[in-house]
Structure formats: C-alpha cells, structure tokens
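Load the model in a viewer and keep the selection panel at hand. The stops below go from the whole chain to pairs of helices and then to single residues.

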Amino acid sequence: MDPSFILYLLAVLLVLVGIAGIILPALPGIPLVFAGLLLAAWADGFVHVGWLPLTLLGLLTLVSFAVDILATVVGAQRVGASRKGLWGTFLGSIAGVFFMPIGLFVGPLAGALLGEYWHTRELGRSTKVGLATWLGILLGFALKLALVIAMLGLFAFAWIF
C-alpha cells in the first residue's frame, strides 16, 4: 500500500474532525482543519500546495482564534455584561459540553443569564445579556464556518492551479 494514501486518509480525517470542532467546543476545529490541509500538502511533497497558500491558511487559522475569543465576549459586552456575566458564559459553555447537543446552546445562555442575575438581580437585564451572549456564539459559529469554507476553497484552488 502506498504510504501517501494513509497520509491523505489521515488528512481527510483531521479535516472532518476539525469541521466537527466548529460545533463542539472541546475540539480545536480550525487548527485541526489546518493540520489536515498541511498534512495533505506534505503528503504531496508540497508540489500542488506551496508555502504561499499554506501561509495564508495559517493566517486564517490565527484569525479563527480571534473570532473564537471575541465573538462571545463582544456579544455580551455590547449590552454591558458584568464580569460575573462573562464568567457565567464561560462556565455555562463548559457545563453545556456535558449535555450535548442541547447543552451547547443552552449552557452559555443560562450561564450568562445566571452570572448577570447574580451581579444585578435584574431579570430583564440578565436575559438581555444571556441572549446577546448566545447571539455572539452563533455569530462566532457562522464566522468560523466561513473561515473553514475559505480555507478549503483556497486549498482546492492552490491544488488545482
């Protein structure tokens, strides 16, 4: 069996697990996609995909870190979330992993709501912070999905041309 076949197979698995990681917060989604694409380029001896596309893919991977961090925080901060609200979001996200798949959506919302309620004792404001945090998470998901599509498109373009 050709060893490059195994490398390509492993590259595809890394990309697929990375795409799943966009939804599952326990997996580093976009870095796994990048690792899979880098492995595929290496398996080919960097004949089809050279340093320029790989550098661009690396930059898109770095952008994904910023998107991951900023999307949730910006959603909460735009409505004036307290530190307790932000901590609630963080802890709710972690707790949500244990109640998949619904926990992925409910956990951050409930955590932000409870954290903000603990701080302000105002249900209306706490609900607003919880919803803003949840919308930030959805925005982050959409942006990360767009980044993965851009990365796959760039890789395919470099491979073909």
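The tour begins with the whole chain and then moves through selections in turn.

**Whole chain**

Show the full backbone as a cartoon; this is a predicted model. The chain holds six helices and zero strands, and read from the N terminus its elements run α-α-α-α-α-α. Oriented along its principal axes, the C-alpha trace spans about 65 × 30 × 15 Å. Colour by accessibility next: of the 161 residues, 36% count as buried. If you compute a contact map, look at the pairs with a separation of 6 or more; residues 24 or more positions apart account for 65% of those contacts.

**H2 against H6**

Select residues 29-43 for helix H2 and residues 123-160 for helix H6. How do the axes of these two helices lie to each other? They come within 10 Å and cross at roughly 5 degrees. Angles under 35 degrees count as roughly parallel, and H2 and H6 are therefore roughly parallel to each other.

Now show side chains at the contact. On the H2 side, display Ile-30, Val-33, Phe-34, Leu-37, Ala-40 and Ala-41. Their partners in H6 are Lys-144, Leu-147, Val-148, Met-151, Leu-152, Phe-155 and Trp-159. The residues of this contact divide into 12 nonpolar, no polar and one charged.

**The largest nonpolar core**

Which residues have the most contacts inside the largest nonpolar core? Select Leu-37, Val-49, Leu-57, Met-151 and Phe-155; the core they belong to has 18 residues. Helix H1 (3-23), H2, helix H3 (51-77) and H6 each supply at least two residues of this core. Its largest share, six residues, comes from H2.

Centre the view on Leu-37. Leaving aside residues up to four places away in sequence, Leu-37 touches Val-15, Leu-57, Met-151, Leu-152 and Phe-155.

**Lys-144**

Move along to Lys-144, which sits in helix H6. Is this side chain buried or exposed? Lys-144 is buried, with a relative accessible area of 13%; the cut-off for buried is under 20%. Beyond residues up to four places away in sequence, Lys-144 touches Ile-22, Ile-30, Val-67 and Asp-68.

**Ser-64 and Ala-150**

Select Ser-64 in helix H3. Ser-64 counts as buried at 4% relative accessibility. With residues up to four places away in sequence not counted, Ser-64 touches Ile-30 and Leu-147.

For another stop, select Ala-150 in helix H6. Ala-150 is partly exposed, with a relative accessible area of 37%. Draw a distance from its C-alpha atom to that of Leu-60: the two are separated by 8.5 Å and lie 90 residues apart along the chain.

**The loop between H2 and H3**

Select Phe-46, which lies in the loop between H2 and H3. Its phi is near 60 degrees, a positive value in a residue other than glycine. Most residues other than glycine have a negative phi. At 36% relative accessibility, Phe-46 counts as partly exposed.

**H4 against H5**

Select residues 83-97, helix H4, together with H5. Their axes are 6 Å apart and the two helices pack at an angle of about 150 degrees. Angles over 145 degrees count as roughly antiparallel, and H4 and H5 are therefore roughly antiparallel to each other. The crossing is right-handed.

To inspect the contact, show Lys-84, Gly-85, Gly-88, Thr-89, Gly-92, Ser-93, Gly-96 and Val-97 of H4. From H5, add Gly-103, Leu-104, Gly-107, Pro-108, Gly-111, Ala-112, Gly-115, Glu-116, Trp-118 and His-119. By class, this contact has five nonpolar, 11 polar and two charged residues.

**H5 against H6**

For the last stop, keep helix H5 (residues 102-120) on screen and bring back H6. The axes of H5 and H6 come within 8 Å and cross at roughly 145 degrees, and this crossing is right-handed.

Residues of H5 in the contact include Phe-105, Leu-109, Leu-113 and Tyr-117. On the H6 side, the contact residues include Leu-123, Val-129, Leu-131, Trp-134, Ile-137 and Leu-138. Counted by class, the contact of H5 with H6 has 12 nonpolar, five polar and two charged residues.

Methods
Residues numbered from 1 in each chain as written. Predicted model: local features only at pLDDT ≥ 70, side-chain atom pairs only at ≥ 80, totals over all residues. Heavy atoms only, no water. Axes fitted to C-alpha atoms, helices over the stretch in contact; angles between N-to-C directions. Helix = DSSP H or I, 4+ residues; strand = E, 2+ residues; numbered from the N terminus. Parallel < 35°, antiparallel > 145°, perpendicular 65-115°, else oblique. Contact = heavy atoms within 4.5 Å. Nonpolar A, V, L, I, M, F, W, Y, C, P; charged D, E, K, R; others polar. Core = buried A, V, L, I, M, F, W, Y, C linked by side-chain atoms within 4.5 Å. Buried < 20%, exposed > 50% of the residue type's maximum accessible area, 1.4 Å probe, protein only. Left-handed = near helix turned anticlockwise from the far one by under 90°.
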